[in-house]
Amino acid sequence: MRLNMENKVYIFGHKNPDTDSICASLVSERLDRKNGWDCTEAKRLGRINKETQYILDYLKLEAPDLIEKVEEGQEVCLVDHNEFNQSVEGIEKAKILSVVDHHRISNFETSEPLYYTAKPYGCTCTILFEEYKRLGHEIDREEAILMASAIISDTLLLKSPTTTDHDKKALEELEKIAGVDINEYGLEILKAGTDLADFSAEELINLDAKSLDKNGTKFVIAQVNTVSIEDVLKRQKDLEDAIYKEIEKKDLGLFVLAITDILNSNSEIIALGNRVDAVEKAFDVVLNDNRAFLEGVVSRKKQLLPNVDKAI
Ligand code: MN
Ligand code: MN
């Protein structure tokens, strides 16, 4: 299927990479090696977040190299995303060989056939875990920790409503290979990701932001994880200033920042823009001081995004 065997194939997750995007890239590279394919190389499309850095440090691994765009005809494999607006600059003219993903399929088109693995699981690494099984490859300790970390991160230690039995089963098995206490290790990595102190308000609202477009209304749903919603709200005024700038710059109808309490599985949202009515309708709440508390809401993909999308 490949024409240029001497060229490298890049594997990467989405922009604003999270732990699943980075770990799935690194694990895919290892899985390809085990399949006798040594031309693939993990890459990343943005800065490593603190949670992921904690995992890389734990394993004494280097982060994948950063790429900002790809040339026409570059062969690529996508993990943890498919939408072009979440991918690398130049993706429209790249040659996409494969996608392994657990998101909706949208804004995606290729001119040639490809491998496409889509499963509605809680994490890309759960799909990869099942690939190891299917192909009969051993999983070593490093691979187990990479995959377990991604599952912990995406499912908030199996507490997110996106969690499936596949994720639970994978994590259970990976725990044995990894030789770590998943609850203890999991809380450590999630907490590492909530250290927001040295991010500016502008960085915070862009840390994990997804841009969407519905019926001509552009909107953004951003999320930060914390162990203290109160702590983050001390910066509400600064965050709002940064959000207003973003609304102006990108001509947005709505910007929602979800501040998610990962220990108690709730979120407080800050919503601004001329379409905040969509948020009030979506969650049957009235914003007070631009804020609302959403009991039991932790997942952007399953809860925030579809409800807001529908209301718009
Ligand atoms: Mn992701
Ligand atoms: Mn993911």
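## Exercises on a predicted model

In this predicted model, Glu-29, Arg-30 and Glu-142 are joined through a network of salt bridges. The exercises below take up further pairs, the metal site and the chain as a whole.

### Exercise 1: salt bridges across the chain

Determine how many salt bridges the chain holds, and work out which parts of the chain the pair Asp-195 and Lys-50 links.

Solution. Begin with the general point that side chains of opposite charge can pair when their charged atoms come close. With a side-chain nitrogen of Lys or Arg required to lie within 4 Å of a carboxyl oxygen of Asp or Glu, the count comes to 22 salt bridges. Next, take Asp-195 and Lys-50, whose side chains meet in one such bridge at 3.5 Å, N to O. This pair links distant parts of the chain, since Asp-195 sits in the loop between helix 6 (182–192) and helix 7 (201–206), while Lys-50 belongs to helix 2 (residues 50–59), 145 residues apart. Finally, consider exposure: Asp-195 is partly exposed at a relative accessible area of 37%, and Lys-50 is likewise classed as partly exposed, at 22%.

### Exercise 2: two further pairs

For the salt bridge between Arg-300 and Asp-208, find how far apart the closest N and O atoms are, and then examine the pair Asp-231 and Lys-234.

Solution. The closest N and O atoms of Arg-300 and Asp-208 are 2.7 Å apart. Arg-300 lies in helix 11 (residues 300–311) and Asp-208 in the loop between helix 7 and strand 7 (209–214), so this pair ties together parts that are 92 residues apart in sequence. Arg-300 has a relative accessibility of 9% and therefore counts as buried, whereas Asp-208, at 21%, is partly exposed. Turning to Asp-231 and Lys-234, their side chains meet in a salt bridge of 3.1 Å, N to O; here Asp-231 is partly exposed at 45%, and Lys-234 counts as exposed at 66%.

### Exercise 3: the manganese site

Identify the protein donors of the manganese ion (ligand 2), and establish which residue bridges this ion and the manganese ion (ligand 1).

Solution. The donors are Asp-20 (OD), Asp-80 (OD), His-102 (NE2) and Asp-154 (OD), lying 2.2 Å from the manganese ion (ligand 2), and along the chain they follow the spacing D-x59-D-x21-H-x51-D. The bridging residue is Asp-80, and the two manganese ions that it joins lie 3.5 Å apart. Asp-80 lies in the loop between strand 4 (75–79) and strand 5 (95–101), and His-102 in the loop between strand 5 and strand 6 (115–118), so the pair ties together parts that are 22 residues apart in sequence. Both fall under the 20% limit for burial, with Asp-80 at 1% relative accessibility and His-102 at 6%.

### Exercise 4: the chain as a whole

Decide how the radius of gyration of the chain stands against the globule rule, and state which residues form a nonpolar patch on the surface.

Solution. The chain contains 11 helices and 11 strands. Its radius of gyration is 19 Å, close to the 20 Å that the globule rule gives for 312 residues, so the chain is as compact as a globular protein of that length. Buried residues make up 55% of the 312 residues, and residues 24 or more positions apart account for 64% of the contacts with a separation of 6 or more. At the surface, Leu-187, Val-227 and Leu-263 form a nonpolar patch with about 200 Å² of accessible area together; of these, Val-227 is found in the loop between strand 8 (217–226) and helix 8 (229–233).

Technical notes. Residues are numbered from 1 along each chain as its sequence is written. Chains are lettered from A and ligands numbered from 1 in the order in which they are written. This is a predicted model: local features need pLDDT of at least 70, side-chain atom pairs count only at pLDDT 80 or more; totals for chains, interfaces and linings use all residues. Side-chain values use heavy atoms; hydrogens and water are left out. Donors are N, O and S atoms within 2.8 Å of the metal (3.2 Å for Na, K and Ca); water is not among the atoms, so sites may look incomplete. Helices (H or I, at least four residues) and strands (E, at least two) are DSSP runs, numbered from the N terminus. Buried means under 20% relative accessible area, exposed over 50%, partly exposed in between (1.4 Å probe, protein chains only). Patches are made of residues with over 30% relative accessible area and no salt bridge: like charges are joined within 9 Å, nonpolar side chains (Val, Leu, Ile, Met, Phe, Trp, Tyr) within 5 Å. Accessible areas come from the Shrake-Rupley method with a 1.4 Å probe; for residues, only the protein chains shown count as cover. The radius of gyration is taken over C-alpha atoms; the globule rule is 2.2 Å times the number of residues to the power 0.38. Contact means heavy atoms within 4.5 Å.
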